[in-house]
Amino acid sequence: MTQPILEVQGLSVTYGRDTQVLKQIGFSLQRGEILAVVGESGSGKSTLIRAIINLLGNGGKINSGSIHFDGEDLSSFNTRQWRSLRGGRIAMVFQNPGAALSPMVGIERQFVEAIRNHKAISKADAKQIALMEIERLGMADPQSILQSRPWQLSGGMKQRVAIAISLSMQPELILADEPTSALDVSTQELVLNELRLRKAKQNTSVIMVSHNLAACAAIADKILVMKDGEVVDFGTLDQIHSRRDECYTCELLDAVPRLKPSNRELKYA
Ligand SMILES: Nc1ncnc2c1ncn2[C@@H]1O[C@H](COP(=O)(O)OP(=O)(O)OP(=O)(O)O)[C@@H](O)[C@H]1O
Ligand SMILES: [Mg+2]
């Protein structure tokens with residue numbers, strides 16, 4: 001077995017003095033694997049993603065456990081190392097589409113600066129990459145998107161720009177918190193396809209939080225099911241289906257008709 005790109009062991013997180021939000025989370029992710037994190041609202045999905053990238057904020061604290069990225073213990077990283085890791089080798093797509101963008105700064109400047117923070121290339125080359133990435137995510141007029149400011153774009157456009165910026169770094173691991181929540185169904189598919197393509201071409205690993213179980217089933221190699229800050233199931237879709245005595249997971253999966261075992265053969269034949 002090769003070294004996992006990410007290994008989380010016994011991870012517990014609290015907010016404030018005693019609100020324990022994550023309890024003993026453990027899982028590992030190989031290079032080129034897509035992991036879907038599912039679970040009801042408030043189960044700790046975003047907290048898990050934020051803990052991995054060290055952006056808990058607001059009194060959030062890792063109490064115990066460890067997170068290793070490519071064999072390195074992330075708790076030993078200093079500010080400079082985090083700056084180079086974040087947005088470079090690990091990309092983050094936030095739940096709120098606008099969160100990653102400065103509201104008053106033009107998209108071109110944000111895009112080009114983000115690229116040049118991690119790559120020694122000219123502004124003109126960075127702009128070419130930006131145009132290409134925006135186009136790949138199905139936005140019609142990349143040039144005019146670059147000339148916009150975030151407040152001039154719709155939620156779905158902002159979400160795609162944020163994803164395009166993340167992908168332009170060719171990260172080894174993408175942490176995506178509901179990356180398609182502001183998108184219509186066909187655009188969602190486009191974005192999911194792009195993630196799948198990166199996995200195939202660049203061996204990119206992805207952790208994707210999603211309420212859309214059908215989307216998860218379509219692209220995820222493994223699924224991690226959370227409830228009240230704990231992992232209640234983890235494995236491939238087939239493994240999860242074979243453990244149908246785990247009632248909570250059954251309920252979630254049964255909510256998606258095409259994931260039922262009787263129908264599954266059709267899709268995965
Ligand atoms: N900054 C914070 N301060 C205090 N409590 C927080 C903070 N952020 C999250 N929580 C609490 O942690 C728990 C998990 O929240 P989290 O945002 O991780 O859930 P989630 O699974 O992502 O939910 P959703 O599906 O609604 O996005 C919730 O009870 C939430 O109230
Ligand atoms: Mg969340």
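At what angle do helix α3 and helix α4 pack, and how far apart are their axes? Helix α3 (residues 107-118) meets helix α4 (residues 123-136) at an angle of about 110°, and their axes sit 9 Å apart. Keep in mind that this is a predicted model. Beyond that helix pair, there are two open sheets to look at, one with 6 strands and one with 4 strands, plus a ligand with 15 residues around it.

**The α3/α4 pair**
- Angles of 65 to 115 degrees count as roughly perpendicular, so α3 is roughly perpendicular to α4.
- On the α3 side, the contact is made by Glu-108, Phe-111, Val-112, Ile-115 and Arg-116.
- On the α4 side, Lys-123, Ala-126, Lys-127, Ile-129 and Ala-130 do the job.
- Sorted by class, the residues of this contact come out as 6 nonpolar and 4 charged, with no polar ones.

**The 6-stranded sheet**
- Reading across this open sheet, the order is β6-β7-β8-β3-β9-β10, and the pairing is mixed.
- β6 (90-93) and β10 (230-235) are the edge strands, so to speak the two ends of the row, each pairing on one side only.
- From one strand to the next, the twist averages 15°.
- Helix α6 (residues 155-168) packs on this sheet, where it touches β6 and β7 (173-177). The direction of α6 makes about 175° with that of β6.
- Over at the β10 end, strand β9 (residues 222-227) pairs with β10 in the antiparallel sense, over 5 bridges.
- If you want a residue pair to click on there, Val-225 has Asp-233 in β10 as its bridge partner.

**The 4-stranded sheet**
- This one is open too, with strand order β2-β1-β4-β5 and antiparallel pairing.
- Its edge strands are β2 and β5 (72-73), and each pairs on one side only.
- Strand β4 (residues 60-69) and β5 run antiparallel and are joined by 2 bridges.
- Phe-69 stands opposite Glu-72 in β5.
- Helix α1 lies across β1 (6-15), β2 and β4, and runs at about 65° to β2.

**Around ligand 1**
- The residues that come nearest to ligand 1 are Tyr-15, Ser-41, Lys-45, Ser-46 and Thr-47, out of 15 around it.
- β2 (19-29) and α1 (45-52) each put at least two residues into the shell.
- Which element gives the largest share of the shell around ligand 1? That's α1, with 3 residues.
- By class, the shell has 12 polar, 2 nonpolar and 1 charged residues.

Definitions and conventions: Residues are numbered from 1 along each chain as its sequence is written. Chains are lettered from A and ligands numbered from 1 in the order in which they are written. This is a predicted model: local features need pLDDT of at least 70, side-chain atom pairs count only at pLDDT 80 or more; totals for chains, interfaces and linings use all residues. Two strands pair if DSSP finds at least two bridges between them. Axes are lines fitted to C-alpha atoms, for helices over the stretch in contact, and angles run from 0 to 180 degrees between N-to-C directions. Two residues are in contact if their C-beta atoms, placed from the backbone, lie within 7 Å. Angles under 35 degrees count as roughly parallel, over 145 as roughly antiparallel, 65 to 115 as roughly perpendicular and the rest as oblique. Ala, Val, Leu, Ile, Met, Phe, Trp, Tyr, Cys and Pro count as nonpolar, Asp, Glu, Lys and Arg as charged, and the others, Gly among them, as polar. A residue is near a molecule or strand if its C-beta atom, placed from the backbone, lies within 6 Å of it.
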